[in-house]
Amino acid sequence: MNPDTVRTELPDPGRSASAFDQADLTPDAISRALDRVLPFVQKPVRYTGGEWNSVLKPWDEIPYRLALVFPDVYELGMSNLGMMVLYDAVNSQPDMLAERAYTPWIDMQQGMRRLAIPLYSLETRHPLRAFDVIGFSLPYEQLYTNVLTTLDLAGIALRSVERAEDAPLILAGGSACLNPEPVYAFFDAFFVGEGEEAITEIVRTWTDARATGLSRQEALRWLAEVRGIYIPSFYDVSYTPDGRVQAVTPRAEHADVAPAVVSKRIVPVLPPPVTKFIVPFMDIVQNRAAIEIQRGCTRGCRFCQAGMVFRPVRERPVDEVLAAVEDLIRQTGFEEIGLLSLSSSDYGRIQELVDQIVARYGDEKLSINLPSLRIDSFSVQLMEALERGRRRSGFTFAPEAATDRLREVINKSISTQALLDTAREVYSRGWPTIKLYFMIGHPTQTLADVQAIADLAHDVRRVGHAALGKNANVRVSVSTLVPKPHTPFQWAPLADEATLREHLAVLDRQLRSPGITLSWNEPRETLLEAALSRGDRRLADVVQRAWELGASFDAWGDQLDVNVWWQAFADCGLDPEWYARRARTADEVLPWDHISVGVSKPFMLREYKKALQGEITGDCREKCYACGILTEFRAERRPLPGNAWGCPPASKLISEPIAHE
Amino acid sequence: MNETYAQRMRVTFATDDSVKYVGHLDMARTWERAIRRARLPLAYTQGFNPQPRLQFAAALPVGFTGRSELADVFLNEEYEPGHFLAALGGALPRGVRTLQAQPVPREWPSLQSQLGAARYRVEVETGEMPAEFVARLDGFVDRADAPRQRRRGKEQVRYDLRPLVLTLMYSGPCEGGQCFEVTMRSDPGATGRPDELLAELGYESAPRRIEREELLFVALA
């Protein structure tokens with residue numbers, strides 16, 4: 001499809017919530033109507049369900065009904081482990097059902113609008129409007145406009161305040177709602193934290209409240225008392241004269257149920273992994289089943305949101321992982337299984353796990369994918385064991401910065417020498433490709449640090465050439481630091497565009513060389529991501545305006561049109577630069593301060609100050625740096641065995657008072 | 001075939017509406033995964049990039065259902081057909097139903113090479129009365145030729161659709177339209193497609209339901 005023709009057709013007259021106000025179609029009517037659309041769209045199997053392990057329950061007999069929506073196309077949404085976990089958690093309840101929906105691609109949207117087919121679930125093909133709760137998964141900000149497309153296709157009012165009394169609860173969770181404010185207007189409720197246990201409680205609470213005859217508003221008050229729930233309409237935001245947030249406070253009439261700070265919810269122990277993974281017919285982005293072997297990370301990289309927000313570290317026992325691998329093969333027939341974590345090398349018994357897997361499945365047609373490995377020879381040995389006898393493609397490392405100094409700033413300590421030694425080992429054992437991930441725009445970064453990226457890439461390539469000759473290659477991927485909420489860098493500005501372009505030009509010039517390829521993010525796209533992730537409530541108008549102007553599928557390079565967004569900012573009298581590139585002072589109220597991930601603001605500020613001084617913080621498995629997690633979740637920790645979390649025993653706590661800043 | 005395997009099992013199966021938009025390559029992989037789930041010892045080709053030994057008689061076009069499709073599954077161990085069917089049937093998605101399994105001699109030629117024709121049932125949405133519709137079908141049958149173009153890869157290929165239609169028979173009215181049965185050539189040299197016939201009949205984009213009812217072979221032995 002030609003993206004240009006699609007874009008011009010996008011803001012067609014059908015693009016309003018009123019398009020589907022006619023009576024809801026039955027599943028049969030939807031199926032009949034689909035036969036008029038599906039023969040004429042790309043990849044129709046995105047829209048038909050019926051996959052192995054998808055769950056079909058008798059709709060009329062099930063009182064609690066949840067639609068899970070990933071607001072991007074099927075092949076992206078189906079690759080999301082979180083969706084699968086929630087699907088399994090809800091469907092394992094006998095009186096609940098969870099069905100799926102994804103955002104239809106543009107050709108399908110046009111077909112659905114033409115025939116007034118409302119967005120439906122893949123399992124029973126009920127209109128989304130017929131569900132009790134619609135739960136959106138929002139892992140990244142570029143999905144915001146697709147939320148609006150999805151609501152519109154479902155025939156549901158875009159804004160919470162405009163929603164019909166009988167509309168489903170519109171809920172969101174995921175990393176991109178840890179600052180929920182830029183999309184506060186579109187959701188009735190947000191869930192903060194780990195949802196696998198909370199989701200059933202949320203669906204029950206809401207549905208029961210409505211079943212007893214409570215109004216929408218009263219039911220939201222019930223829901224507000226569920227831990228981890230944030231009801232944005234229960235809060236007022238005030239601003240300082242220059243536009244910064246002054247305070248976010250519960251409204252007086254809801255202060256009895258709405259907490260001043262909404263804290264994330266966690267599962268103290270990882271529930272058993274999903275093994276009834278849905279097996280798609282078509283190729284998806286990740287063609288594999290996945291097992292989360294560990295949640296959280298103790299390394300404390302200061303740019304990394306996942307490393308901060310998924311604390312504490314919880315490991316899944318080796319036996320449980322092995323049993324899950326076996327079960328997954330039986331239940332899915334996938335040819336590849338991914339063992340997921342933020343830092344696989346830190347999984348305590350990784351060697352044992354790999355040895356066992358190789359012993360059991362070494363002779364079968366099964367690939368094991370082990371991403372996020374540390375840069376050391378141990379990682380090379382692990383991969384060698386896993387890939388024995390198979391074609392070797394590439395090895396990925398993420399040093400993120402190229403000088404020892406800057407790596408201390410970001411708290412990712414690994415020496416350049418160690419990186420080169422590891423690269424030598426990788427190439428000499430036959431892997432032809434090393435992918436290196438770097439970021440530019442780190443606080444305190446200078447041109448010399450950027451120059452070092454180019455030098456390091458050449459050094460790595462030289463090492464490879466010595467081992468493998470012309471076959472050796474290096475793929476350098478450079479992204480720009482987006483200082484994310486809930487990280488020590490949240491106060492830092494996004495680097496200015498002129499500097500970024502200058503730095504990218506240096507890399508582009510110096511990395512045009514045989515055996516080296518370079519890819520990078522366009523600074524304008526980074527600006528949009530930064531503005532959206534660091535924004536306040538006023539951005540909701542911008543998001544809606546951008547959508548009205550045609551923005552959708554903003555995570556797709558060939559679909560994103562940043563100019564539409566700049567127009568939307570201008571129409572709303574707001575400046576993306578102000579949100580993205582303004583350094584925030586320590587005493588500023590951040591738009592997301594009323595959302596807590598359990599890591600304290602004083603800890604993050606301390607980490608930011610240490611960063612600016614180039615001072616590292618060690619692995620907190622060894623020694624506790626008082627990030628606040630153990631205080632926040634002491635009730636969850638108390639009944640568990642001492643080693644259940646990656647946090648060291650209490651005796652190793654250092655006395656670093658949290659409130660001294 | 002000079003490669004080793006223990007048994008060549010011929011499976012008859014049907015596919016319904018819920019999988020009719022699954023493309024042929026995706027369906028082949030669905031079978032491969034189902035066979036793995038069923039713990040059946042599927043044979044693979046030798047070499048650097050082993051491929052599953054799984055042969056379908058004919059790709060079912062996207063959007064079609066199939067009432068009696070055929071595939072050969074090559075196994076590394078011998079299975080009793082009933083056990084094979086029970087294991088495989090329980091591991092295929094709900095839209096694919098196995099009907100029959102039977103071991104066939106290894107020296108038999110491939111299903112694909114023996115296919116001669118296929119019979120389809122076509123329902124097309126139309127406001128026409130039966131007499132007008134029948135006249136339209138008759139009009140096609142009476143033609144000497146029906147030149148059409150078909151895209152093959154990047155190039156347009158000209159071909160004559162008429163000789164590919166072997167029999168064409170009106171079946172009667174159906175919900176919202178009319179129904180007919182057509183048998184079309186389907187061999188390694190030429191394959192007629194019922195959606196091409198619909199286009200030639202003037203129903204280029206009319207909603208339709210097409211089921212492949214039967215695959216007709218030159219000789220299976």
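## Two domains, one partner chain and a parallel sheet

The C-alpha centres of domain 1 and domain 2 of chain A are 29 Å apart. This is a predicted model.

**The domains of chain A**

Each domain is built from two stretches of sequence. Domain 1 of chain A covers 22-191 + 195-263, and domain 2 of chain A covers 268-387 + 614-661. Where they touch, domain 1 of chain A gives 18 residues and domain 2 of chain A gives 21 residues. Two helices of chain A, H3 (74-77) and H4 (81-91), each supply at least two residues of the domain 1 side. H4(A) has the largest share of that side, with four residues. Sorted by class, the domain 1 side holds eight nonpolar, five polar and five charged residues.

**Chain B meets chain A**

The contact between the chains takes 18 residues from chain B and 17 residues from chain A. Which helix gives the most to the side of chain B that touches chain A? Helix H1 (residues 24-37) of chain B does, with six residues. The side of chain B that touches chain A divides into seven nonpolar, five polar and six charged residues.

The table sets out the two contact sides by class.

| Contact side | Nonpolar | Polar | Charged |
|---|---|---|---|
| Domain 1 of chain A, touching domain 2 of chain A | eight residues | five residues | five residues |
| Chain B, touching chain A | seven residues | five residues | six residues |

**A parallel sheet in chain A**

Strands of a sheet pair through backbone hydrogen bonds, either parallel or antiparallel. Here four strands of chain A form an open sheet in the order S15-S16-S17-S18, and the pairing is parallel. Which strands sit at the edges? They are S15 (394-400) and S18 (516-520) of chain A, and each pairs on one side only. From one strand to the next, the twist averages 20°.

Take one pair. S15(A) and strand S16 (residues 433-440) of chain A run parallel and are joined by five bridges. Within this pair, Gly394(A) stands opposite Thr433(A) of S16(A).

**Helix H7 of chain A**

How far should the 14 residues of helix H7 (residues 198-211) of chain A span? At 1.5 Å a residue, the expected span is 20 Å. The end C-alpha atoms of H7(A) are 20 Å apart, so the two values agree.

The buried residues of H7(A) include Ala198(A), Ile199(A), Ile202(A), Val203(A) and Trp206(A). Thr200(A), Thr205(A), Thr207(A) and Arg210(A) are buried too. After H7(A) comes Gly213(A), which has a positive phi, near 95°.

Conventions: Residues numbered from 1 in each chain as written. Chains lettered and ligands numbered in written order. Predicted model: local features only at pLDDT ≥ 70, side-chain atom pairs only at ≥ 80, totals over all residues. Domains from an automatic or database assignment. Contact = placed C-beta atoms within 7 Å. Nonpolar A, V, L, I, M, F, W, Y, C, P; charged D, E, K, R; others polar. Pairing = 2+ DSSP bridges. Axes fitted to C-alpha atoms, helices over the stretch in contact; angles between N-to-C directions. Expected span 1.5 Å × (residues − 1). Buried ≥ 20, exposed ≤ 12 C-beta atoms within 10 Å, placed from the backbone.
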